[in-house]
Amino acid sequence: MNKYLVIGNPIAHSLSPLLHNYWFKKYKFLDSIYEKKKVEKKDLKKIVEQIKNDEIKGVNVTVPFKREIFDLIDTAPHEVQFTKSVNTLVKENDKVVGYNTDQEGFEISLEENEWDFKNKKVFIIGAGGVTPSILSSFIRADGAEKIYLSNRTRSKAEELKKFWDKAIDFYQMNKDTIEIIDWGEKSELCDLIINTTSVGLTRDEKLDFDFSDYNNNKEALFYDLIYNPKETNFLKEARIRENKTMNGKMMFLWQAHLAFKKWTGVSPKIDQEVIKLLD
Ligand SMILES: NC(=O)c1ccc[n+]([C@@H]2O[C@H](COP(=O)([O-])OP(=O)(O)OC[C@H]3O[C@@H](n4cnc5c(N)ncnc54)[C@H](OP(=O)(O)O)[C@@H]3O)[C@@H](O)[C@H]2O)c1
């Protein structure tokens with residue numbers, strides 16, 4: 001049996017097993033199975049060893065280990081060495097390689113919505129494992145005009161800014177492009193407001209920000225990377241304010257599509273059937 005896992009903590013919310021097992025069946029990988037496993041930081045080393053020993057064929061990494069796992073793998077492509085955020089593990093030429101499919105998944109999800117990354121004002125809430133992938137989507141030639149960044153632990157947002165300011169320099173973007181906002185404070189009105197925190201995974205959780213300035217703003221897009229629950233309080237309040245909303249479902253599907261392709265060589269179809277499967 002070829003065993004695949006998604007590891008994280010919490011992990012109950014993950015729909016990865018449902019999705020990958022559906023694709024394994026559809027594409028006739030009948031000797032493959034995908035499971036979820038709640039792990040602690042101390043378990044990560046063993047998981048990497050199990051990939052090396054062929055006990056596990058492939059792994060997805062989720063909250064809160066995307067950064068930690070980077071230090072345990074053998075190698076990673078250039079862009080992952082930059083973001084230090086890993087969500088997909090696979091053995092290639094006897095080495096455990098750490099990939100990141102979140103960034104491409106995020107970009108495809110917005111492009112499908114005809115979102116143009118150019119000259120936008122963006123407010124990114126959070127500075128955890130996935131945030132470098134999101135930040136990096138806006139830092140490029142013809143990238144964002146302004147990026148506001150806020151995290152409960154301010155020092156983590158500052159670290160990210162310090163690091164990404166070098167890339168800002170490289171792309172000759174305005175050196176003040178990234179600005180830190182104190183937790184719970186307002187930024188100027190933005191085109192896109194993204195929740196990259198895990199606040200909302202548990203139904204009653206709520207981010208402590210006042211977005212009332214966006215009342216009746218039908219252009220602003222509120223994007224929550226969380227896909228389960230489908231509508232977090234962040235999105236519910238945005239819907240009531242009549243803002244545009246988007247959850248993390250399409251990003252999730254695309255990052256899974258890219259991981260599945262790395263493991264099996266097959267590009268699984270993202271069609272209405274698979275979109276409905278996650279409802
Ligand atoms: N749709 C997708 O495909 C996709 C892909 C990747 C991730 N995600 C989602 O993105 C979220 C973050 O993932 P991650 O890997 O970055 O997680 P992570 O590394 O654990 O980071 C968690 C982030 O949430 C913040 N946070 C946690 N509890 C908080 C609280 N009570 N109040 C305020 N802030 C809090 C943390 O702030 P501190 O630094 O202050 O602790 C940190 O910024 C998760 O919900 C995950 O499911 C979705």
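Helices (H or I, at least four residues) and strands (E, at least two) are DSSP runs that are numbered from the N terminus. The legends below describe a predicted model, in which local features need pLDDT of at least 70 and side-chain atom pairs count only at pLDDT 80 or more, while totals for chains, interfaces and linings use all residues. Residues are numbered from 1 along each chain as its sequence is written, and side-chain values use heavy atoms, with hydrogens and water left out.

**View 1. The whole chain, with nine helices and eleven strands.** The radius of gyration (taken over C-alpha atoms) is 19 Å, close to the 19 Å that the globule rule gives for 279 residues, so the chain is as compact as a globular protein of that length; the rule itself is 2.2 Å times the number of residues to the power 0.38. The C-alpha trace spans about 55 × 40 × 30 Å along its principal axes. Of the 279 residues, 52% are buried, where buried means under 20% relative accessible area, exposed means over 50%, and partly exposed lies in between (1.4 Å probe, protein chains only). The accessible surface comes to about 13800 Å², with 46% of it belonging to carbon and sulfur atoms, as computed by the Shrake-Rupley method with a 1.4 Å probe; for residues, only the protein chains shown count as cover. Among contacts (heavy atoms within 4.5 Å) between residues at least 6 apart in sequence, 70% join residues at least 24 apart.

**View 2. Helix 1 (residues 16-26) and the loop that follows.** The buried residues of helix 1 are Ser16, Pro17, Leu19, His20, Tyr22, Trp23 and Phe24. Their cover includes strand 1 (2-8), strand 2 (32-38), strand 3 (58-61), helix 8 (249-264) and helix 9 (272-277). Lys28 is found in the loop between helix 1 and strand 2, and its phi is near 65°, a positive value in a residue other than glycine. Lys28 is exposed, with a relative accessible area of 63%.

**View 3. Strand 7 (residues 146-150) and its partner, strand 6.** Strand 7 is mostly covered, with five of its five residues buried. Lys146, Tyr148 and Ser150 point one way from the strand, whereas Ile147 and Leu149 point the other way, and all are buried. Strand 6 (residues 121-125) pairs with strand 7 in the parallel sense over five bridges, where pairing requires that DSSP finds at least two bridges between two strands. Within this pair, Ile124 stands opposite Leu149 in strand 7.

**View 4. The hairpin of strand 4 and strand 5.** Strand 4 (88-92) and strand 5 (95-99) run antiparallel and are joined by five bridges, with Thr88 opposite Tyr99 in strand 5. Four of the five residues of strand 5 are buried, so this strand is largely enclosed by the rest of the structure. The hairpin has two residues between the strands, and in it Asn93 takes a positive phi near 50°. Asn93 is exposed, with a relative accessible area of 76%.

**View 5. Helix 7 (233-240) and its surroundings.** In helix 7, Asn233, Phe234, Leu235 and Ala238 are buried. The buried residues of this helix pack against strand 6, strand 9 (192-195), strand 10 and strand 11 (244-246). Just after helix 7, Glu242 takes a positive phi of about 75°.

**View 6. Two cis peptide bonds that lead into proline.** One cis peptide bond joins Val63 and Pro64, with omega about -5°, and Pro64 has its place in the loop between strand 3 and helix 3 (78-83). The peptide bond from Asn228 to Pro229 is also cis, with omega near 10°, and Pro229 lies in the loop between strand 10 (221-224) and helix 7.

**View 7. The surroundings of Leu201, in the loop between strand 9 and strand 10.** Leu201 counts as buried, at 18% relative accessibility. Not counting residues up to four places away in sequence, Leu201 touches Pro10, His13, Ile226, Asn228 and Pro229; among them, Asn228 and Pro229 are joined by a cis peptide bond. Leu201 and Tyr227 are 26 residues apart in sequence, and their C-alpha atoms are 8.5 Å apart in space.
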